[in-house]
Amino acid sequence: MSHPDGARLFREAWIAGVRQHFPGEPKPGYVTPWEDTPEWERQAARAVYEQVRQFVEISDGYAARLSREQRGRFVATCWTAQMFKHFEDPKPGYVADWPDLPTWQQETDADIFEAIEKSLG
């Protein structure tokens, strides 16, 4: 899968996760289609996709033994690094640590890892 396709897969997994796990009606920005996603967010999605892809490949399949929480934490940590890269002073919610993320976001991050892992199999 090429870089743009990987970033799109990341975004589509995010949107699917938000639609499944977000309580109530999500903010429009949470479910903005790929075509309307800002460039910084596309770059961040591409970077996190690549980090997860490489992590899964380097583990020779043993990433499958990670817990759902470990998978989600990995995505969340990679995303946080991107927020620091793209914003001088990111909003606290953009860089919140795992225990401070809402459950819907934790579940969505785990879904993203699993979607990327599945796409590689």
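**Helix α3**

I began with the length of α3 in this predicted model. Its 19 residues should span 27 Å at 1.5 Å a residue. I find the end C-alpha atoms 27 Å apart, so the span agrees with expectation. I then listed what is buried in α3: R71, G72, V75, A76, C78, W79, T80, Q82 and M83.

**Confidence**

I looked up pLDDT next. The chain averages 95, and 97% of its residues reach 70 or more. Among the elements, α3 (residues 68-86) has the highest mean, 98. The lowest, 92, belongs to helix α1 (residues 3-21).

**α2 against α3**

I turned to how α3 packs with helix α2 (residues 39-58). Their axes lie 9 Å apart, at an angle of about 140°. The crossing of α2 past α3 is right-handed. From α2, I noted W40, E41, Q43, A44, A45, A47, V48, Q51, V52 and F55 in the contact. From α3, the contact takes in F74, V75, C78, W79, Q82, M83 and H86. Which classes of residue make up this contact? I count 12 nonpolar, four polar and one charged. V75, C78, W79, Q82 and M83 of α3 are in the contact, and these residues are also buried.

**Helix α4**

I checked the length of α4 as well. Its 18 residues reach 26 Å from first C-alpha to last, close to the 26 Å expected at 1.5 Å a residue. Its buried residues are W104, Q105, Q106, T108, D109, A110, D111, I112, F113, I116 and E117.

**D111**

I picked out D111, which sits in α4 (residues 103-120). Why does D111 count as buried? Its relative accessible area is 18%, and the cut-off for buried is under 20%. Leaving out residues up to four places away in sequence, I find D111 touching G17, Q20, H21 and R68.

**W14**

I went on to W14, in helix α1. Is W14 buried or exposed? It counts as buried, because its relative accessibility is 11%. Beyond neighbours within four places in sequence, W14 contacts Y30, W104, Q105, T108, D109 and I112. W104, Q105, T108, D109 and I112 are themselves among the buried residues of α4.

I also looked up the separation of W14 from L101. The two are 87 residues apart in sequence. In space, their C-alpha atoms are 15 Å apart.

Conventions: Residues are numbered from 1 along each chain as its sequence is written. This is a predicted model: local features need pLDDT of at least 70, side-chain atom pairs count only at pLDDT 80 or more; totals for chains, interfaces and linings use all residues. Side-chain values use heavy atoms; hydrogens and water are left out. pLDDT is the predictor's confidence in each residue, from 0 to 100. Helices (H or I, at least four residues) and strands (E, at least two) are DSSP runs, numbered from the N terminus. Buried means under 20% relative accessible area, exposed over 50%, partly exposed in between (1.4 Å probe, protein chains only). Contact means heavy atoms within 4.5 Å. Axes are lines fitted to C-alpha atoms, for helices over the stretch in contact, and angles run from 0 to 180 degrees between N-to-C directions. A crossing is left-handed if the near helix is turned anticlockwise from the far one by less than a right angle, and right-handed if clockwise. Ala, Val, Leu, Ile, Met, Phe, Trp, Tyr, Cys and Pro count as nonpolar, Asp, Glu, Lys and Arg as charged, and the others, Gly among them, as polar. The expected span of a helix is 1.5 Å times one less than its number of residues.
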